[in-house]
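Biologist: I would like to learn how to read charge pairs and surface patches in a model. Could we go through them one at a time?

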Amino acid sequence: MELLGLPNIGNTCFLNATLQCLLVLPSFSKEILHQEQLWSCSPFSNLLRCLSDVHRLGLPDNGANQASKADLMWKVKYSLSGYDLKYLGDTQQDAHEFLVNMLCQLKEEGMILKTLGVSYTCPVSQLEFQLVSVRTCTSCGRESSTREDYNHLSLDFSPERTLLSSLALTFKGKKVEFTCEGCKGLYASKVEQFHTLPLVLVLHLKRFGRPGGLEKLEAPLLFPSELRLSTLCGDMVPQLHSANPQAPSIQGSIPQTLASQVSSPPGEAKDSTLCCSDSNDQEPGKVLLTASVKQQPVKSVNGYYQLTGVVSHLGGSAYSGHYISDILHASGNWFCCNDSQVSMSNEATVLRTRARSAYMLFYMFRYCLLSPSIFLCCYICVRFLSPYRA
């Protein structure tokens, strides 16, 4: 546990808590380490180099101490200062904004590698997905659809104060101002659904509102350890999102690194930073749909999302407080990471105690190898026919 801790070098709890949840994702870390020979050839891969070093410091027998970790934390901050100079100072920063900036810088470093002709896969692609937005003119019924790229979702709190109801509220149909190209109508009904699903789903809970200033919402929001998105996908099931055209579908073969792992409406304040698109469309991050989307029936979904990390903000003010994280380690144990202090925890404690403080949730897709019917048959055989299970 001592190896997992990250020192606070001056109001850097936002950095430590976010890195813990990101680097505990086995597929994310492996994507960086397995491609080290590719990105190490570029002098601009500063953040990739820092993340690989931070990951290695948490491995057994690495000989790291708090002094070497502190030096590395300074390098992480310095590498991000090229994206935003505020990270050079020692003031407290927002963990969500830090995550967005870090993902964007990783994307930029990946784009530089591609311009150098390097066949490189950016680890951020594991967090990316697409939403399809369908606008239907209320006057003539004419439909228009767009796809938009995201690397996380920001959620308002629903009246029911549950994660599922907050997600459902986000995808609830709404009336919007829209100029129809056909009848020139001024209003349309807008419905959003998942077009592709991420390997890692990051959910940002909007605890900081602006009714008369930046205030923190300390109301509890219950979130599950396992999350299924089939109810939010309409009558069709999207594929897993990937930069590779041969991206595996949920029904198809899932990479072994995933198969072996344990695995409320959006506001206007920061949602504009969600989109990261490489397309050359007139409207960044959006793609006009010109063909129908071919998807599979919902009943063939054979996977779910497993909670792997929680970033929590402690304190009653939006201008001060402290960030900690709870992570599901590769050993199968939950750990609470409070900067350099790491303690043992468990899933029940995380779900119960972080309902009022959870700020970002990390869910990893887990592929179910057995269908429910096959699983039930296996359970009956083992449970009731144990003398004959051979």
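**Reading salt bridges and a patch**

Modeller: Take Lys 86 and Glu 97, which form a salt bridge with their closest N and O atoms 2.5 Å apart. This pair links distant parts of the chain. Lys 86 sits in the loop between H5 and helix H6 (95-115), Glu 97 in helix H6, and 11 residues separate them. Keep in mind that the model is predicted.

Biologist: What is the general idea behind such a pair?

Modeller: Side chains of opposite charge can pair when their charged atoms come close.

Biologist: Is Lys 86 buried or exposed?

Modeller: In between. Buried means under 20% relative accessible area, and exposed means over 50%. Lys 86 has 25% relative accessibility, so Lys 86 counts as partly exposed. Glu 97 is at 28% and therefore partly exposed.

Biologist: How many salt bridges does the structure hold?

Modeller: There are 8. One of them joins the side chains of Glu 36 and Arg 56, at 2.5 Å from N to O. Glu 36 lies in helix H3 (residues 36-39) and Arg 56 in helix H4 (residues 46-57), so this pair ties together parts that are 20 residues apart in sequence.

Biologist: How accessible are Glu 36 and Arg 56?

Modeller: Glu 36 is partly exposed, with a relative accessible area of 27%. Arg 56 is partly exposed at 31%.

Biologist: Which salt bridge lies inside helix H5?

Modeller: Look at Lys 75 and Asp 71. Both lie in helix H5, 4 residues apart, which is about one turn of the helix. Their closest N and O atoms are 3.7 Å apart. A salt bridge needs a side-chain nitrogen of Lys or Arg within 4 Å of a carboxyl oxygen of Asp or Glu, so that distance qualifies. Lys 75 is partly exposed at 46% relative accessibility. Asp 71 is partly exposed at 41%.

Biologist: Now the patch. Which residues make the nonpolar surface patch?

Modeller: Tyr 78, Leu 85 and Leu 88 make a patch of about 380 Å². For membership, a residue needs over 30% relative accessible area and no salt bridge.

Biologist: Where does Tyr 78 lie, and how accessible is Tyr 78?

Modeller: Tyr 78 belongs to helix H5, residues 66-81. Its relative accessible area is 61%. The cut-off for exposed is over 50%, so Tyr 78 counts as exposed.

Note on methods:
Residues numbered from 1 in each chain as written. Predicted model: local features only at pLDDT ≥ 70, side-chain atom pairs only at ≥ 80, totals over all residues. Heavy atoms only, no water. Patch = residues over 30% accessible without salt bridge, like charges linked within 9 Å, V, L, I, M, F, W, Y side chains within 5 Å. Areas by Shrake-Rupley, 256 points an atom, 1.4 Å probe, with all protein chains shown as cover. Helix = DSSP H or I, 4+ residues; strand = E, 2+ residues; numbered from the N terminus. Buried < 20%, exposed > 50% of the residue type's maximum accessible area, 1.4 Å probe, protein only.
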